[in-house]
Amino acid sequence: MPIVKPFMASRKFTSTIESGTGAGPTFAIAATAFTDDTGATATAFPSSFAYYVLYLNAQIQTADTSTITTTTLTIPGGDVLDPATPVFVEVVVN
């Protein structure tokens, strides 16, 4: 019997650190502060996904660096980064 791979696709979102609010462990960026891969303002992150990858200033981050929900990307300590630091999130949905 052949192995059937599930459908996988990615959604990409971009913003900057200056779009975030809070400090220390509560620093977060709202999904609506991101643009999606079509250039439109995002309304939410996908509610169901296989995994996501966070890039800060084009550098891939480890899994313990952030958490994501449909409305928010939380980056504990992100408030100490330069406000112009680019934030890129790739969410792989299945």
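These legends accompany a set of close-up views of one predicted model.

In this predicted model, local features need pLDDT of at least 70 and side-chain atom pairs count only at pLDDT 80 or more, while totals for chains, interfaces and linings use all residues. Residues are numbered from 1 along each chain as its sequence is written, and side-chain values use heavy atoms, with hydrogens and water left out.

**View 1. The five-stranded open sheet.** Let's start with the sheet that runs in the order E3-E1-E8-E4-E5, with antiparallel pairing. Strands here are DSSP runs (E, at least two residues) numbered from the N terminus, and two of them pair if DSSP finds at least two bridges between them. At the edges sit strand E3 (35-36) and strand E5 (59-60), each of which pairs on one side only.

**View 2. Strand E8 and its two partners.** Strand E8 covers residues 86-93, and six of its eight residues are buried (under 20% relative accessible area, with exposed meaning over 50% and partly exposed in between; 1.4 Å probe, protein chains only). The strand is therefore largely enclosed by the rest of the structure. Strand E1 (residues 9-16) pairs with E8 in the antiparallel sense over eight bridges; look for Ser10, whose bridge partner in E8 is Val92. Strand E4 (residues 51-56) also pairs with E8 in the antiparallel sense, over six bridges, and here Tyr52 stands opposite Val91.

**View 3. The three-stranded open sheet.** This sheet has the order E2-E7-E6, again with antiparallel pairing. Its edge strands are E2 (28-30) and E6 (67-68), and each pairs on one side only. Three bridges join E2 to the antiparallel strand E7 (residues 72-74). One position to find is Ala28, which stands opposite Thr74 in E7.

**View 4. Phe34 and Phe45 in an aromatic cluster.** A search of the whole structure finds four aromatic pairs (rings of Phe, Tyr and Trp, the last by its six-membered ring, with centres within 6.5 Å; planes under 30 degrees apart count as stacked, over 60 as edge-to-face and the rest as tilted). For Phe34 and Phe45 the ring centres are 5.3 Å apart and the planes stand at 70 degrees, so this pair is edge-to-face. The pair links distant parts of the chain: Phe34 is in the loop between E2 and E3, and Phe45, 11 residues apart from it, is in the loop between E3 and E4. Both Phe34 and Phe45 are buried. Ring pairs also bring in Phe13, linking Phe13, Phe34 and Phe45 into a cluster.

**View 5. Phe49 and Tyr52, a partly exposed ring pair.** The ring centres of Phe49 and Tyr52 lie 5.9 Å apart with planes at 85 degrees, so the pair is edge-to-face. Phe49 counts as partly exposed because its relative accessibility is 29%. Tyr52, at 21% relative accessibility, likewise counts as partly exposed.

**View 6. Ser66 and its surroundings.** Ser66 lies in the loop between E5 and E6 and counts as buried because its relative accessibility is 8%. Leaving aside neighbours within four places in sequence, Ser66 is in contact (heavy atoms within 4.5 Å) with Tyr52, Leu54, Leu73, Thr74, Ile75 and Pro76. Two of these names may be familiar: Tyr52 stands opposite Val91 in E8, and Thr74 in E7 stands opposite Ala28.

How values were computed. Helices (H or I, at least four residues) and strands (E, at least two) are DSSP runs, numbered from the N terminus.
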